[in-house]
Structure formats: C-alpha cells, structure tokens
Amino acid sequence: MSSFKIEGGHLLSGDITPQGAKNEALQVICATLLTKEPVTIEYIPNIRDVNNLIQLLRDIGVKVQRDDSQNLMPGAYTFQADQLDMDYLESDDFLAKCAELRGSVMIIGPLLARMGKAVVTKPGGDKIGRRRLDTHFLGFEKLGAKFRHIEHRNVYEIAAPPAATPHADRGNSLRGSYMLLDEASVTGTANIVMAAVLAKGTTTIYNAACEPYVQQLCKMLNRMGARISGIGSNLLTIEGVGELHGTSHRLLPDMIEVGSFIGMAAMCGDGIHIKHVSLKDLGIIPDAFRRLGVKVEADGDDLFVPRQKHYVVDTFIDGTIMTLADAPWPGLTPDLLSVLIVVATQARGSVLFHQKMFESRLFFVDKLIDMGAQIILCDPHRAVVVGHDRKLKLRGGRMSSPDIRAGIALLIAAMSANGTSVISNIEQIDRGYEDIEGRLNALGAKIERI
C-alpha cells in the first residue's frame, strides 16, 4: 500500500489541464459492447478504475488498441467487441473482477441487449454508504428481463426473453416500455438506455438523470445508429433499432477534477489557470465555490483562480447561514462536497453542508478535526464548518484516504497545512486522478509517493 508524503505550506501557480471525465469514460467504454464494429474513444484518463475496466473488456474478448497518432487526443483507444467469450462471462474469475470494480455494473445493460443475458454480482467501489442497484434492475424488468438467483454461487442471472424465432436478428426480445425511475440514478439511467437501444419498440424513461455524461453517452449512441430524443432533459425517448455500428467519441473534461483544482487553488494557490474546462458543462460548480467567497474568473473556456488572501462565506438573502447540499444534476454533485468542506475550513464565516445521497461520506471530517479544523458533525448527513479565516492554519498529520473524493480533499488540506503530512491508502486517489502528484508538483507542490 502506497502513501503520499506532503510538505505543506507551498504556494502553487501556473497552468493545469483536467483529465478526461472518469464517470463518462466508464459509461461509454461499456457502450462499445453494443456493436461488432470498432469504436474509438479519445481523452481516456490513465486511472485505476478506467484501466481495470479496459482490462475487464480485454478479458471477455474485446479487442483493445491504444492509438497515439497525431490526429487524436491523448488517451485514444479503439474497442472492437466482435468476438465475446460467453463462457468467460459466466466464470467465477469474471465475477470476482466485477466485484472489485463499481463501473462493471454498466456492462449488464449492453450484454443484456446484445447477448440476451448477463450474470450479476455485487460490484465494488467507494465505501460511502449504500449504493443500491434497484433502479437498474427495475428498469431491466420493465424491458422484459427476468432474474434468477443462483444460490450456490450467490449471483443473479438476468436474461431477456428468448427471441421469437430461432433465426431472429438478435438474441433477445426485450421490448420497449414506459418507466418512471424511482431515483434519477446516473448509472441506472445509462444502463437502462444501453439496454433499450436494441429493444423492440419505444422506451420512455421519466425521471432520467440528465447530467452531461449521460448526455454524452446518448449522443455517442445516436452516432452509432440509436434513436434517442429528449437528451439533456429528464424525459428520454428511445426507439429501438436492429443494430448499432462503430463511431468515434471524445470525452468531456472531468468536472470533478476541475472542482478539485478550484478548491486547491483557493486553499494554496498563487494564481492558477485551469485550462479547457468545458465551462458550459460545469453547471453550478463554480458558483458553489463563489458562495464560499472564492473568486473564480472565466476566461473563454478556461478558469482563473487568483490568490485568495481571504474569502468570506455568502449568506442567503434573509441573512441565514449558508447551506450547500448535493442534488441530482443540474444541482451540486455530491462528489465535490468533500473538497468544499476543506475549502470552508479557511473561509470567514460558517457553512452547513448537507450530504443527502450517501450516509458515510462525511465521516472523513474527523481527520480534518485532527488537523485543527472547526467542524461539528451533526449526523451522518450534515456537518457545520466554522472557518478560521486563515488566522489558524491546519496542521499536518497522518491519515488514510477512505475514498476517491475524500482522498483528494485530504490531499488539498495537507498541501495547505503547516508541517508534513502522510496520507496512506492513496490507491483510492489513483482510482480517479491521473498522476496527481506529478501534475501538482509541476505547480510547486511538494508531494512524494512513498
């Protein structure tokens, strides 16, 4: 298990460019299973979760080739799923690998649509509370799929009804249906959309997630021959087609990394340009930091965060304490609350953070309290931060990264702190951030992997 050793107190300056979007990559890479033809995806980040998914696709027979030609952006891969190994897809080795990777759940929709069945086990990922899959499976059932519990293996087999004739052009007879999702689940929406594009008839998904990465998936599928309308809204209509073909696709910049860099610049920056952020796809992320008093300036498609000697928390119009809460898009993404909490520790004023979606995601604040932060953890979902107004800096210490987003928040806290900090279990950070120490050291940080 590796660790980061961080020498705090160094000001950072310069330019930094976000990686391709992790969550989008996991969706569109799985979508390559829907066709036999090649699909090229550019700007794929070199991070653990994405690399593990790519290896999983290789294991099931997908041809994967990295393309570093000058005509493509960095991180370009071509996927061709023309010879899938159905025996391996039902093996214990495959299921064990799926159990270690949260993104593997989005293989189910494409396999169900194209091959007619999939074997399912509980996927892995961050330990941030319950992350149920009911939305996915209820959607599949609406399309006609059936579940069977295989007790001796503790897995579920999900299968589409058999084709109407033995010579049908597809191995399943999923049928389009109207469905009202019980929650606007991003991965649930993506999975159901990927299953529905090859279903017979029309599927209508109400209360669909509409964040930019789902929009990107739908646009890519349409270029592959799907017929999806309502993109960008919470009401998607999918007219099933007989087959999909190849295409090329470019990922958006990772909005969570952009937000992480804004937080880093606020805490320990001396003027940082964040390049090529796709500003129109950031939603209210810059405004969330502005509510903490952080100056964030737009410069074309870049952001500039000047040095923040002081930043003062805003209040609501009636003078009540500022509250920042996560919500489905276009609300504030829960993945950035950890970073916002760290930024608030050095603001002037108090903030109530309300983490609605995951009951274990705020538990990392005890590490910030050990560093000297003034935080009251009200319950598993709410925390009040009383800012130091930079009059009392955080102090370095030893800590462990519990998940990706808490890990980057602790790294930002350590860079701003007095003294030296050690963060263990940084494999969690590696799951979502590419060469983070190299890129931050280029700005003036002092981070060593040990």
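How far apart are the axes of helix H5 and helix H7, and at what angle do the two helices pack? The axes of H5 (residues 108-115) and H7 (residues 186-196) are 7 Å apart, and the packing angle is about 10°. H5 is therefore roughly parallel to H7, a label given to angles under 35 degrees, while over 145 counts as roughly antiparallel, 65 to 115 as roughly perpendicular and the rest as oblique. Axes here are lines fitted to C-alpha atoms, for helices over the stretch in contact, and angles run from 0 to 180 degrees between N-to-C directions.

Before going on, a word on the source: this is a predicted model, in which local features need pLDDT of at least 70, side-chain atom pairs count only at pLDDT 80 or more, and totals for chains, interfaces and linings use all residues. Residues are numbered from 1 along each chain as its sequence is written, and side-chain values use heavy atoms, with hydrogens and water left out. Helices (H or I, at least four residues) and strands (E, at least two) are DSSP runs, numbered from the N terminus.

**Helix H5 and its surroundings**

On the H5 side, Ile108, Gly109, Pro110 and Ala113 meet Asn191, Met194 and Ala195 of H7, where contact means heavy atoms within 4.5 Å. Sorted by class, this contact has five nonpolar residues, two polar and no charged ones. In that scheme Ala, Val, Leu, Ile, Met, Phe, Trp, Tyr, Cys and Pro count as nonpolar, Asp, Glu, Lys and Arg as charged, and the others, Gly among them, as polar.

H5 is largely enclosed by the rest of the structure, because seven of its eight residues are buried. Buried means under 20% relative accessible area, exposed over 50%, and partly exposed in between (1.4 Å probe, protein chains only). The buried residues are Ile108, Gly109, Pro110, Leu111, Leu112, Ala113 and Arg114. Their cover includes helix H1 (22-31), helix H3 (86-89), strand E6 (117-120), helix H6 (134-142), strand E8 (155-159) and H7. H5 also lies across E6 and E8, running at about 150° to E6. Just after the helix, Gly116 takes a positive phi of about 90°.

**The sheets**

E6 and E8 belong to an open sheet of three strands, with the order E6-E8-E7 and antiparallel pairing. E6 and strand E7 (146-150) are the edge strands, each with a single partner, so one side of each has no neighbour in the sheet. Neighbouring strands are turned by 20° against each other on average, direction ignored. Strands count as paired if DSSP finds at least two bridges between them.

Another open sheet has four strands in the order E9-E10-E12-E11, with mixed pairing. Here strand E9 (178-180) and strand E11 (227-229) stand at the edges with a single partner strand each, so one side of each is left without a neighbour in the sheet. The average turn between neighbouring strands of this sheet is 15°, direction ignored.

Elsewhere, strand E17 (residues 322-325) shows a covered face, Met322 and Leu324, and an uncovered one, Thr323 and Ala325. Three strand pairs are set side by side below.

| Strand pair | Sense | Bridges | One pair of partners |
|---|---|---|---|
| E7 and E8 | antiparallel | five | Ile150 and Val155 |
| E10 (residues 202-206) and E12 (residues 235-239) | antiparallel | five | Thr203 and Ile238 |
| E17 and E18 (residues 350-354) | parallel | four | Thr323 and Leu352 |

**Cysteines and two buried residues**

How many disulfides are there in the whole structure? The search finds zero, taking a disulfide as a pair of cysteine sulfur atoms within 2.5 Å. For Cys30, the nearest cysteine sulfur is that of Cys98, 9.4 Å away. Cys30 counts as buried at 0% relative accessibility, and Cys98 counts as buried at 7%.

Met399 sits in strand E21 (residues 398-400) and is buried at 8% relative accessibility. Leaving aside neighbours within four places in sequence, Met399 is in contact with Lys367, Met371, Leu410, Ser421, Val422, Ile423 and Ser424.

Arg439, in helix H15 (residues 436-441), is buried too, with a relative accessible area of 18%. Not counting residues up to four places away in sequence, Arg439 touches Ile16, Thr17, Pro18, Gln19, Glu257, Phe261 and Glu434. Arg439 and Ile412 are 27 residues apart along the chain, and their C-alpha atoms are separated by 13 Å.
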